[in-house]
Amino acid sequence: MYTTCLKLIFRRFSRSRVYTVINVGGLAIAFTVALLIYGYVMKEWQTDRFHTKGETLYRVTYLSQGNDMWYSAFCSPMGENAKKEIPGVREFVRIVAPQTFLVRQESTGEFWVERECIYTDPQFFSVLDFPLVEGKIGGEMPPDWVVISERAARKYFGEVSAVGKTLVLRYPQRPVDLVYHVVGVMKNMPAHSSLQADLLLDFKRVERLYKYGSGNALTTLLQLDEHADAVEIGKAIQEMEGRYSDYEKQLNKTVVLQSFRNVYLHSEHLRDYEEVFRYGSRRFNYILSGVAFLILLLASCNYLMIKLAQLHKNTGMYAIQKCFGAGNRIMRKQVYLEIGVHLLSALLLAVWLGRAVHPWFMGIVSSGHPYEWGLTVMEGVLFGGIVLLFIGVMGYLLSAWMLRRLDRNGIKNAVSRTTGKWDLKQVLLVGQMCIFCGLFFASLLLSQQMDFVQNKPMGYDNRNILCVEWPGNESVFLPAKDELLRHPDILAVTNGRSLPSPSAMRYVT
């Protein structure tokens, strides 16, 4: 039976090639957009979910009296003291925000800029799942150790093993060599990680800068026992901090442990000057999901309208089949099978189109850390369920419309044009136009907002302004300023600071 149905379906396809191309093409475009957005949103929601100890891992945050913003900056002794004094705290990890270094390439001796460098503790690798591919952490480790990513290992050492080598770093502002010993090479941190770094440096080197009273603070992660009470541990940290520092006691902090798995998408309340983690946006994900849903709905309305027109045209054929004994069940199967062939063809085309435009799409929504193309088995099954739901809904609507037409009008009058009080095609047309107008006006509004942000006059002419970092102090800059002003193409030279970052910047105009 299915062979006969497929023959009839492909014959109808060949007789109405234009409609077939429109149907399959429209669905393919909608599925492409849906696949791209679906893959992105699923990976966003899975960020940091790959850590096996994530259920017991927390970031320490606080709200000080008189403020309305939460912070995650603590001095370095807090983690050590919490592990020693508070029952339920199994381990701690201190993380300094990514810093920029100049790193010397071994073969050429040139210094390259490396922006993702984090100071942390050795237990970083036992608490978080960033596996090593070479070397080991723990035991007797040399001072000033560094673990580098596979990407950085190839960049600075080529195909030679990096373990046991030394890496020379410099701060951009100070030409002083800092020598670190490579003890391990880790896999590149995946895109669905809120932590991103290519060099992990020995925290002991800068620990003195983060003691109580130093004016500096960092992010601390705590791993708790499985049945530990995070609320009670937060209260214990409040009391403990007051015993070690009068300044911390005066702040009258309210300490709350935030689940590490909530850091990426649930940190809107936090003021994170250090920017240790990447943050996502739940609102942006909801908007993208809504856009994908509306595009699928728009494509479905368009598909149903064309199929209703085709069914009306081919009603005589279905009437003849019913006259020769074809039951409602057989006719429903024909409609479902035809829709299934259309959707399967559109889905295969969408996979090919999605792979082709994926880099462009990632450049728009996640240019900093683009996700790889592809879905897991469970993600694929869920998307397949969505496609099957569309097949079921559209198949039910089309078959119900056709059978109702045949039963209501009879076989003889089924081929004549009749309209009821509620014509399905009119409802679909109105719905389609409403969705299209909504998307169009939303796109127009967004375009105007972006144009306003990019082209709003700033109060000064920012064209032909060159901003560069200038190492050294004023005594070095002032002679260079006089020399630069002698150049005929330079109209003015001034210096200043980049806010809120404390690094000195020189502006050459």
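**Close-up views of a predicted model**

**View 1. Nonpolar cores.** The largest nonpolar core (buried Ala, Val, Leu, Ile, Met, Phe, Trp, Tyr and Cys residues joined through side-chain atoms within 4.5 Å) has 25 residues, and Phe101, Tyr119, Ile148, Leu167, Leu169, Leu199 and Leu201 have the most contacts inside it. At least two residues of this core come from each of strands E3 (99-104), E4 (111-120), E6 (145-149), E7 (166-171), E8 (174-186) and E9 (199-202) and from helix H5 (150-157). Helices (H or I, at least four residues) and strands (E, at least two) are DSSP runs, numbered from the N terminus. A second, separate core of 23 residues includes Ala97, Trp145, Val147 and Met186. Buried means under 20% relative accessible area, exposed over 50%, and partly exposed in between (1.4 Å probe, protein chains only).

The model is predicted: local features need pLDDT of at least 70, side-chain atom pairs count only at pLDDT 80 or more, and totals for chains, interfaces and linings use all residues. Residues are numbered from 1 along each chain as its sequence is written, and side-chain values use heavy atoms, with hydrogens and water left out.

**View 2. Threonine 220 in strand E10.** Strand E10 (residues 219-224) holds threonine 220, which counts as buried because its relative accessibility is 0%. Neighbours within four places in sequence aside, its contacts (heavy atoms within 4.5 Å) include Tyr58, Arg59, Val60, Met78 and Gly79.

**View 3. Helix H3 and its cover.** In helix H3 (residues 77-85), the buried residues are Pro77, Met78, Gly79, Asn81 and Ala82. Among the elements covering them are strand E1 (57-63), strand E2 (89-95), E10 and helix H6 (230-244).

**View 4. Two aspartates with positive phi.** Aspartate 48, although not a glycine, has a positive phi of about 70°. It sits in the loop between helix H2 (17-45) and E1, and is buried, with a relative accessible area of 0%. Aspartate 144 has a positive phi near 55° and lies in the loop between strand E5 (132-135) and E6. Aspartate 144 counts as partly exposed, at 22% relative accessibility.

**View 5. Residues 499-509.** Over residues 499-509, pLDDT (the predictor's confidence in each residue, from 0 to 100) stays under 50. For these residues the model has 44 contacts beyond four places in sequence. The protein averages a pLDDT of 78, and 76% of the residues score at least 70.
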